[in-house]
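Here is a short briefing to read alongside your structure. Have the 3D view open and follow along at your own pace.

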Amino acid sequence: MIELTQQPDLAIGSKTAIEEFSKKECAKLLVLSDSHGNPQILQSIITSFGPMCDAMCFCGDGIFDLVYALELAFNDNDFGKKIPPVLYFVRGNGDNSTSTIFTDQRISITVPDFQEFSVAGRKIFLTHGHRYGVYYGLSELRTEAVERGCDIVLYGHTHVPNSLKTHAVRNGKKELLAILNPGSCSQARGGMPNTFATVTVAYDEEKISCQYYKILWDRYGDTVFSKIPTPRGEIRVF
């Protein structure tokens with residue numbers, strides 16, 4: 001069960017869990033974004049995919065939905081066990097910079113504009129994307145990632161899933177740079193379904209593995225998740 005403690009690096013989880021995560025040589029991330037007031041879909045995704053992931057990354061615009069899930073985790077042990085033990089999250093353009101988790105006490109949290117963390121020898125940059133003009137392309141975001149020395153970028157904002165594999169030159173060496181958007185799990189755009197992704201990073205592999213899922217409902221109103229091909233290339237909404 002995730003510990004509802006915000007650490008100095010602004011991740012949520014126990015100090016031990018975060019340290020253990022950072023030392024993993026292979027890790028799977030549950031990557032979500034843009035729930036926009038739909039806590040139920042967030043809970044459904046966590047219930048189905050949280051137990052198989054080492055950390056969860058939320059790319060913004062739905063902080064209240066995320067907080068609601070954390071409150072539910074405190075009150076429902078079964079659900080609490082399904083949330084990955086480490087949570088990284090950022091503020092979207094529709095989110096507040098602070099929030100409060102109501103359990104048996106008030107837990108005030110800071111909602112950062114970005115987070116950086118490392119796992120399996122990769123440095124990951126997590127941001128919403130609105131500060132980098134991602135509606136019009138990824139050049140600003142790519143430049144920021146290169147300057148920060150990051151290997152993977154996770155972002156949201158466009159509501160359109162995409163995966164761009166490119167390279168950056170560091171110390172004269174050509175290295176992989178992956179820029180990934182899970183899409184919106186609640187309000188898709190561009191003719192796409194509601195989506196999210198899992199991302200697997202491994203220390204001994206250059207390739208970063210990602211799997212995208214679309215969200216559907218069966219005739220009984222139950223949520224159904226179906227794999228879709230990874231949307232590749234640079235996306236421009238405008």
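The notes below cover a sheet, the helix beside it and a cavity.

Please keep in mind that this is a predicted model. A good place to start is an open sheet of six strands with mixed pairing. From there you can move on to the one cavity of 30 Å³ or more that a search of the whole structure finds.

**The sheet**
- Going across the sheet, the strand order is β3-β2-β1-β11-β12-β13.
- Its edges are formed by β3 (87-89) and β13 (223-228), each of which pairs on one side only.
- From one strand to the next, the twist averages 25 degrees.

**A strand pair to look at**
- Strands β11 (residues 195-202) and β12 (residues 209-217) run antiparallel and are joined by six bridges.
- To find your bearings in this pair, pick Phe196, whose bridge partner in β12 is Tyr213.

**The helix on the sheet**
- Helix α3 (residues 63-75) packs on the sheet, where it touches β2 (55-58) and β3.
- The direction of α3 makes about 165 degrees with that of β3.

**The cavity**
- The largest cavity holds about 30 Å³ of space.
- Its lining consists of Val31, Leu154, Leu180, Asn181, Pro182, Ala197, Val199 and Tyr212.
- Two strands, β10 (173-181) and β11, each supply at least two residues of this lining.
- What is the make-up of the lining in nonpolar, polar and charged residues? Seven are nonpolar, one is polar and none is charged.

Terms used
Residues numbered from 1 in each chain as written. Predicted model: local features only at pLDDT ≥ 70, side-chain atom pairs only at ≥ 80, totals over all residues. Heavy atoms only, no water. Pairing = 2+ DSSP bridges. Helix = DSSP H or I, 4+ residues; strand = E, 2+ residues; numbered from the N terminus. Axes fitted to C-alpha atoms, helices over the stretch in contact; angles between N-to-C directions. Contact = heavy atoms within 4.5 Å. 1 Å grid on protein atoms, 1.4 Å probe; cavity = no way out; pocket = protein on both sides within 12 Å on 5 of 7 lines; lining within 4 Å. Points joined across faces, edges and corners; volume = space filled by probe spheres on them. Nonpolar A, V, L, I, M, F, W, Y, C, P; charged D, E, K, R; others polar.
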